[in-house]
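Thanks for making the time this morning. I would like to walk you through one model and spend most of the few minutes I have on how its two chains meet.

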Protein chains: 2
Amino acid sequence: MQLLERAKQLEAAGRRIVHMEIGEPDFSTPASVIDAAHAALDSGDSFYTPSTGNPALQQAIARWYREEYGVDVSPERILITPGTSGAFSLIYAALIEAGESVLLSDPGYPCQRNFIRLAGGEPVSVPVGPETLYHLSPGLIEQYWQSGTRAAVVINPSNPTGTLISDDALQQVAATCRRLGGYLISDEIYHGLTYGLKARCALEFDDNAIVVNGFSKRWAMTGWRIGWVIVPEELIDACRRVMQNIFIAAPTLSQYAAIAALRATDDCERMRLAYDERRRYLLEALPELGFDIVVQPQGAFYIYANVERITDDAKSFCWEILENVGVAITPGEDFGTYRAAGHVRFSYATGMDDIRLGVARLREWLQPVSA
Amino acid sequence: MQLLERAKQLEAAGRRIVHMEIGEPDFSTPASVIDAAHAALDSGDSFYTPSTGNPALQQAIARWYREEYGVDVSPERILITPGTSGAFSLIYAALIEAGESVLLSDPGYPCQRNFIRLAGGEPVSVPVGPETLYHLSPGLIEQYWQSGTRAAVVINPSNPTGTLISDDALQQVAATCRRLGGYLISDEIYHGLTYGLKARCALEFDDNAIVVNGFSKRWAMTGWRIGWVIVPEELIDACRRVMQNIFIAAPTLSQYAAIAALRATDDCERMRLAYDERRRYLLEALPELGFDIVVQPQGAFYIYANVERITDDAKSFCWEILENVGVAITPGEDFGTYRAAGHVRFSYATGMDDIRLGVARLREWLQPVSA
């Protein structure tokens with residue numbers, strides 16, 4: 001976060017900064033979604049939807065789950081939230097009593113820890129490495145699960161590593177959580193941004209899983225603040241009560257736009273192909289510069305690289321290259337503590353020209369190191 | 001809430017229901033705001049704003065405070081939130097440690113209690129009556145304040161009573177909170193919806209007050225989910241950290257629309273005059289039916305009526321009139337416990353035709369009672 005602020009400062013001062021630190025699509029929202037929003041604006045409906053969402057959107061998402069994953073989800077289980085941030089605030093508020101815990105992978109999405117703490121819970125970091133594709137495994141879950149543990153979170157594809165969990169592992173992780181009396185929370189926000197593989201929905205394996213997704217990444221709709229969470233029947237009432245109190249409802253216009261987004265398949269494919277081109281370029285270029293990519297990422301728009309050949313202090317290294325060559329990437333410590341000083345995250349949610357420029361700048365800067 | 005659901009059920013079954021239970025404007029968002037939203041949609045900016053909001057909106061609100069109240073607020077102190085719900089989640093998360101308390105009036109806005117509990121705090125209900133215009137007073141604050149108390153909340157104009165706090169009382173309440181080492185939280189969401197008086201901003205009396213407001217009520221923009229909170233300098237950093245984690249940011253499009261809303265003065269005045277007509281009609285009609293209005297409400301779109309001449313069980317009474325004559329109003333118990341069984345809330349956020357119909361239906365139903 002501080003690094004991002006510094007990058008913006010340098011930019012404001014006239015420097016050209018290559019932004020490979022940002023986890024936000026560089027694409028604007030698809031035109032067909034914008035068209036739908038224009039129409040919704042003119043409808044005169046600027047009122048609250050029900051707390052759980054516009055029923056037409058809940059139904060559209062239910063249909064989409066049938067088509068996309070072949071799973072049947074009743075629309076009432078699909079709760080529309082202000083982004084996935086809203087989804088996580090909601091499920092932790094509904095699920096966790098003070099002192100209860102949730103298992104998270106380290107490295108992992110840093111806000112998770114804060115969502116859990118704000119709900120009075122305790123985040124438990126589980127170190128993960130290449131041997132499990134940087135994901136929780138059934139064995140790790142058994143090892144770290146305690147009496148007050150309520151859930152384990154899988155981010156698939158992973159932020160920061162871009163790796164997918166294997167189908168077998170996902171199935172077994174779901175079964176393990178259920179057997180231990182808790183929930184699998186599957187963060188599927190990067191679904192649809194996969195290259196060569198398809199990410200599986202946790203509901204394909206366990207109807208009791210809690211699935212979080214949203215329109216921010218695949219559909220390039222970050223500023224619309226619109227996501228959803230699918231919960232088991234038994235949690236609907238508790239979630240509805242929390243929603244009535246803490247959000248009232250997700251933005252009405254965004255909910256109309258989201259219905260159109262579910263049909264914007266061609267736009268999504270165009271963006272996916274662009275990300276993949278960038279990914280392939282970086283996967284070739286980075287190892288030559290000394291960045292070791294231990295597991296090839298097949299999803300999201302992230303590459304998690306081992307920098308131990310270059311530095312033993314990833315954080316200082318990130319600040320150095322920002323100040324010296326204007327390339328912004330994220331140090332491992334933003335995602336946890338486990339081997340954090342030896343890793344960085346590259347985001348390729350920025351255009352090819354900038355990515356090439358960033359690589360060229362790094363090549364020049366690192367010449368003495370990798371030589 | 002259950003009553004609202006039942007009202008919708010009856011409506012779905014073909015009954016015409018008069019909705020005087022709903023706290024949402026019946027007006028659509030002003031046309032000039034819709035126009036601005038169309039333009040923003042076409043700009044291609046669908047990205048996150050900074051967590052604390054679009055700087056142009058922060059600046060526009062700062063200007064508005066100078067014009068509206070004559071107070072100087074630096075834009076960085078104005079944090080843009082997803083509705084006032086977001087503002088309350090934010091400030092309680094930033095302000096309260098587990099077990100600390102916040103003083104609330106009873107009757108008062110029911111979600112407040114839940115916001116505070118979700119942040120691990122303890123809401124303390126302070127019974128208020130006509131003698132303080134249903135507001136916290138300096139004496140009540142002194143009486144209920146404890147070592148772990150962090151703040152007292154004034155909703156001005158009040159929900160559910162529609163009453164304004166006096167200027168003197170507001171000034172003294174602010175001074176008392178400060179002297180006791182805590183904050184006044186002034187909920188000003190119904191500002192601009194006042195009839196004959198102007199509501200004063202707490203910042204006119206105390207630069208250290210926390211002020212919450214938003215576009216939902218005065219500007220008829222509920223579904224846009226856009227509000228703000230003004231915090232003292234010393235809280236900005238803590239709030240920013242919470243915002244980065246729990247919201248990321250308020251909806252981008254709504255933030256553009258909000259800039260235009262601040263200029264939609266004529267539209268706001270048109271709506272205000274319509275509310276006032278309804279208010280004056282009800283203030284005349286209700287007492288004749290047996291509803292005693294002890295303090296004339298001069299703000300919001302609510303009338304809080306004493307029903308002790310009619311019933312000793314306001315809740316059953318509300319259900320009875322819903323089922324029998326299709327008029328929905330809210331029982332006192334939705335706003336607290338103090339003398340709750342003797343009070344109901346009428347909302348006049350519904351059209352004159354419906355209000356007349358509701359009064360006619362009540363007159364017929366209550367004939368034997370008031371005769």
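Let me begin with a term: when I say that residues are in contact, I mean that they have heavy atoms within 4.5 Å. Please keep in mind that this is a predicted model, with an ipTM of 0.94 and a pTM of 0.96, and that the mean pLDDT of chain A is 96, with 99% of its residues at 70 or more.

By that meaning of contact, 43 residues of chain A touch 42 residues of chain B. Together the two chains bury about 3500 Å², of which 57% is on carbon and sulfur atoms, and A:Leu41, A:Tyr48 and A:Asn245 supply 18% of the area that chain A buries against chain B, more than any other three residues.

As for polar chemistry, there are 21 residue pairs in polar contact between chain A and chain B, whereas zero salt bridges are found across this interface. Which element gives the largest share of the side of chain A that touches chain B? That is α2(A), with five residues.

Turning to symmetry, chain A can be laid on chain B by a turn of 180° and a shift of 0.0 Å along the axis, with an RMSD of 0.0 Å, and the two copies are thus related as by a two-fold rotation axis. Among the residues of chain A, A:His38 comes closest to that axis, its C-alpha lying at 3.1 Å. Because 98% of the interface residues of chain A are also interface residues in chain B, the copies meet through the same surface.

Technical notes: Residues are numbered from 1 along each chain as its sequence is written. Chains are lettered from A and ligands numbered from 1 in the order in which they are written. This is a predicted model: local features need pLDDT of at least 70, side-chain atom pairs count only at pLDDT 80 or more; totals for chains, interfaces and linings use all residues. Side-chain values use heavy atoms; hydrogens and water are left out. pLDDT is the predictor's confidence in each residue, from 0 to 100. Copies are superposed by least squares on the C-alpha atoms of residues with pLDDT of at least 70 in both. Buried area is the accessible area (1.4 Å probe) that two parts lose on being put together, summed over both. A salt bridge is a side-chain nitrogen of Lys or Arg within 4 Å of a carboxyl oxygen of Asp or Glu. A polar contact is a pair of N or O atoms within 3.5 Å; within protein, one must be able to donate a hydrogen and the other to accept it, and residues adjacent in sequence count only if both atoms are side-chain atoms. Helices (H or I, at least four residues) and strands (E, at least two) are DSSP runs, numbered from the N terminus.
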